[in-house]
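Subject: Structure handover

Hi,

Here is the structure we talked about. Please load it first, then read my notes below.

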Amino acid sequence: MVVVDWLGLGLGSVAGALVSEGLKVLISEAKKVLAFKSVSNELASTMESLLPVIKEIESMQDGMELQDLKDTIDKALLLVEKCSHVEKWNIILKSKYTRKVEEINRKMLKFCQVQLQLLLFRNQLKSMPSMEAILNNYFQNINKKLDRLSGSPAPPLVSKRCSVPKLDNMVLVGLDWPLVELKKKLLDNSVVVVSGPPGCGKTTLVTKLCDDPEIEGEFKKIFYSVVSNTPNFRAIVQNLLQDNGCGAITFDDDSQAETGLRDLLEELTKDGRILLVLDDVWQGSEFLLRKFQIDLPDYKILVTSQFDFTSLWPTYHLVPLKYEYARSLLIQWASPPLHTSPDEYEDLLQKILKRCNGFPLVIEVVGISLKGQALYLWKGQVESWSEGETILGNANPTVRQRLQPSFNVLKPHLKECFMDMGSFLQDQKIRASLIIDIWMELYGRGSSSTNKFMLYLNELASQNLLKLVHLGTNKREDGFYNELLVTQHNILRELAIFQSELEPIMQRKKLNLEIREDNFPDECLNQPINARLLSIYTDDLFSSKWLEMDCPNVEALVLNISSLDYALPSFIAEMKKLKVLTIANHGFYPARLSNFSCLSSLPNLKRIRFEKVSVTLLDIPQLQLGSLKKLSFFMCSFGEVFYDTEDIDVSKALSNLQEIDIDYCYDLDELPYWIPEVVSLKTLSITNCNKLSQLPEAIGNLSRLEVLRMCSCMNLSELPEATERLSNLRSLDISHCLGLRKLPQEIGKLQKLENISMRKCSGCELPDSVRYLENLEVKCDEVTGLLWERLMPEMRNLRVHTEETEHNLKLLLTF
């Protein structure tokens with residue numbers, strides 16, 4: 001950069017000429033500063049239009065009256081020199097010097113408008129014919145530039161682009177404790193995510209946090225930006241820069257924006273701590289959050305998201321409101337109707353709140369719709385829900401509009417899986433294994449692996465569209481999901497049903513039918529049902545008098561029953577495409593099932609699941625289900641098990657059965673004769689069956705068995721010696737078999753055995769033959785682990801993992 005040497009140019013003798021020379025140098029140098037292209041070109045343009053007038057003044061006098069202009073040129077040259085050293089994308093310095101260049105330009109224009117005109121008048125240059133046209137054109141340009149400058153003031157230091165939204169005057173309910181917890185989490189971490197289902201108040205909580213006096217005192221500046229499902233990193237950074245007086249900055253790519261963001265934060269944190277709130281961040285935006293993560297000690301990020309980023313950042317999980325807070329919020333939005341008694345009003349509140357499920361958004365919408373309404377309208381709203389109307393079907397579409405994006409963003413396969421959740425009753429804890437069984441047959445395309453569908457459940461859970469609850473602290477990784485429960489808020493269940501009902505009845509892939517007493521819905525009358533997944537609910541007054549229904553395309557049938565006696569519908573026999581049948585009883589006592597014969601010989605039936613029903617195990621082989629692959633019993637009653645007298649070839653009647661799962665069946669004291677005859681069996685899982693004391697010696701006939709799971713069978717005293725004949729056994733689970741005293745003497749013959757799970761089995765004796773097991777992995781508690789660790793020098797590649805398991809039995813009380 002060249003700086004004008006005024007003495008070298010003879011300032012003492014020819015001061016006027018030096019001003020024009022200085023202008024020429026300044027014009028030339030200003031055009032070279034590319035990082036400030038627009039403002040430097042504007043400055044050069046001003047000086048170029050000034051140059052001919054200055055020359056005329058210099059020709060008539062010594063130029064001393066141009067001293068103010070000379071001083072301005074001095075400052076401009078020094079400023080242009082500093083600008084030349086600024087990196088192109090150093091946004092902070094660039095913004096700082098841009099404002100200074102604009103100020104220099106403004107001073108020159110003011111000089112032209114006032115002082116220069118006085119000089120011209122005094123020297124009578126305006127009267128010269130040669131100068132008249134030049135000056136008229138010149139002053140027109142000067143006035144236009146001044147008009148532009150006065151009409152486009154410099155951007156304010158603080159704008160509303162990234163300011164925290166204001167809370168209205170409504171008293172916020174139920175957020176005091178979440179606020180305390182979130183505040184502590186934020187002060188302890190550099191990044192915190194507030195995660196929760198849509199409509200549960202995440203944005204409200206974070207907005208209240210930003211308005212908290214302690215947080216306002218902790219942070220010098222708080223910036224707030226809504227990200228949504230179409231994140232634009234550059235746009236957010238541009239807004240942050242403009243809010244801090246940097247003008248309208250554009251970036252060619254994200255790396256330039258990252259540099260600009262870092263420069264801004266480094267400058268701002270010199271004055272105090274900074275909090276950046278990123279609201280409504282969607283899945284897939286992890287890359288965006290990482291761009292905002294800059295390692296500065298006085299900089300924190302707070303994120304709200306429907307999605308769960310627990311594996312990446314500390315997360316505060318916001319849950320729907322508890323009853324007392326939900327009640328207060330509803331009363332706040334809708335005062336009691338006139339002429340209602342306290343008891344009647346309380347009854348209405350309870351019914352409304354049960355439907356709203358603790359979601360502040362839903363409570364607000366329902367409360368507003370009832371505010372000031374007569375008592376009969378309150379009652380009418382409650383009655384409409386009991387008749388099947390949903391909150392999403394309300395005339396006010398607010399709830400649906402707020403929830404709809406959560407569905408729209410799902411990938412196609414997850415949309416299907418999410419809609420399937422509407423097939424189960426509200427307020428239910430559903431075994432993950434039940435859901436996976438359905439998905440395996442509907443979407444598995446012949447695959448036998450459950451891993452993909454467990455991933456689907458996790459993806460939906462990560463988006464807070466359902467919740468996964470583990471009964472124990474140990475998460476199984478061997479495809480056994482009986483200890484994993486799935487729950488879903490009723491509002492989200494309604495969303496799933498609403499989506500499945502958007503298509504005409506004849507085109508729906510999923511159909512839910514409710515039969516109350518013996519009143520059948522219109523959807524099942526006089527027309528075929530083309531759905532692939534059919535869910536039928538019957539109440540406790542249903543008499544099992546079925547209408548004939550035509551269901552030619554049903555592949556998965558879920559029967560949700562409530563009556564003590566239940567006859568299976570005969571039309572099941574015509575469901576030739578049926579692959580999965582689930583019969584789940586929601587009554588208090590096990591339901592007695594009848595009409596089993598309708599299941600006989602269904603050509604594609606691969607999975608049957610019974611929940612809380614009374615069945616006779618000896619009926620199963622007689623069904624001749626040659627395609628059946630998996631048979632599950634949960635909380636079922638079998639009565640006494642007698643040996644069969646009929647001559648049934650079980651190996652043919654159940655020729656493809658690979659898995660039997662019996663869980664929490666309390667009266668099972670021995671296995672029926674036919675189970676050891678299912679030669680195709682690969683997995684036998686008998687869990688939480690406390691009456692079972694032994695397995696038959698015939699269990700050794702299961703030559704293809706790969707998994708034997710006997711966990712939490714408290715009275716099981718020993719495994720039969722015939723277990724040594726299970727030559728393909730890979731996995732043995734005897735955890736929590738507290739009465740087990742020894743393993744089979746020749747267990748060392750099971751050369752394919754890869755892992756043994758035996759938590760809480762410290763009283764179990766290990767026979768000498770276990771030394772012959774190679775590459776064995778043992779999962780156990782610390783005390784049981786001592787039994788194995790002594791053998792480590794003698795066993796090749798023995799791996800012992802000690803861990804504690806806690807079963808949360810309270811979760812089972814709802815079954």
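Residues 728–750 are 0% helix and 13% strand. The C-alpha atoms at the two ends of that span sit 8 Å apart. Keep in mind that this is a predicted model.

The span has a label in UniProt. The record lists it under "repeat: LRR", along with 656–678, 680–702 and 704–726. For residues 680–702, the figures are 0% helix and 22% strand. The end C-alpha atoms of 680–702 are 8 Å apart.

One salt bridge involves the repeats. Glu 718 pairs with Lys 742, with 4.0 Å between the closest N and O atoms. Both ends are in loops: Glu 718 between β20 (707–709) and β21 (731–733), Lys 742 between β21 and β22 (755–757). The two residues are 24 apart in sequence. Glu 718 has a relative accessible area of 35%, so it is partly exposed. Lys 742 comes out at 34% and is therefore partly exposed, as the limits for that class are 20% and 50%.

Now the salt bridges in general. How many does the structure hold? The count is 34. Two more are worth a note here.

Lys 510 and Glu 416 form one, at 2.9 Å from N to O. This pair links distant parts of the chain, 94 residues apart. Lys 510 belongs to strand β9 (residues 510–515), and Glu 416 to helix α18 (residues 412–420). Are these two residues buried or exposed? Lys 510 is buried, and Glu 416 is too.

The other is Asp 437 with Arg 607, where the closest N and O atoms are 3.0 Å apart. Asp 437 is in helix α19 (residues 432–443) and Arg 607 in strand β15 (residues 607–611), so this bridge ties together parts 170 residues apart in sequence. Asp 437 has 6% relative accessibility, so it counts as buried. Arg 607 has 11%, so it counts as buried as well; the cut-off is under 20%.

Which residues share a network with Asp 437 and Arg 607? They are Glu 441, Lys 606, Lys 630 and Glu 659. Salt bridges with shared partners join these residues into one network. Glu 659 falls in the 656–678 repeat of the UniProt list.

That covers my notes. Over to you.

Best wishes

Definitions and conventions: Residues numbered from 1 in each chain as written. Predicted model: local features only at pLDDT ≥ 70, side-chain atom pairs only at ≥ 80, totals over all residues. Heavy atoms only, no water. UniProt positions renumbered as here; feature names shortened; annotations may be inferred. Helix = DSSP H or I, 4+ residues; strand = E, 2+ residues; numbered from the N terminus. Salt bridge = Lys/Arg side-chain N within 4 Å of Asp/Glu carboxyl O. Buried < 20%, exposed > 50% of the residue type's maximum accessible area, 1.4 Å probe, protein only.
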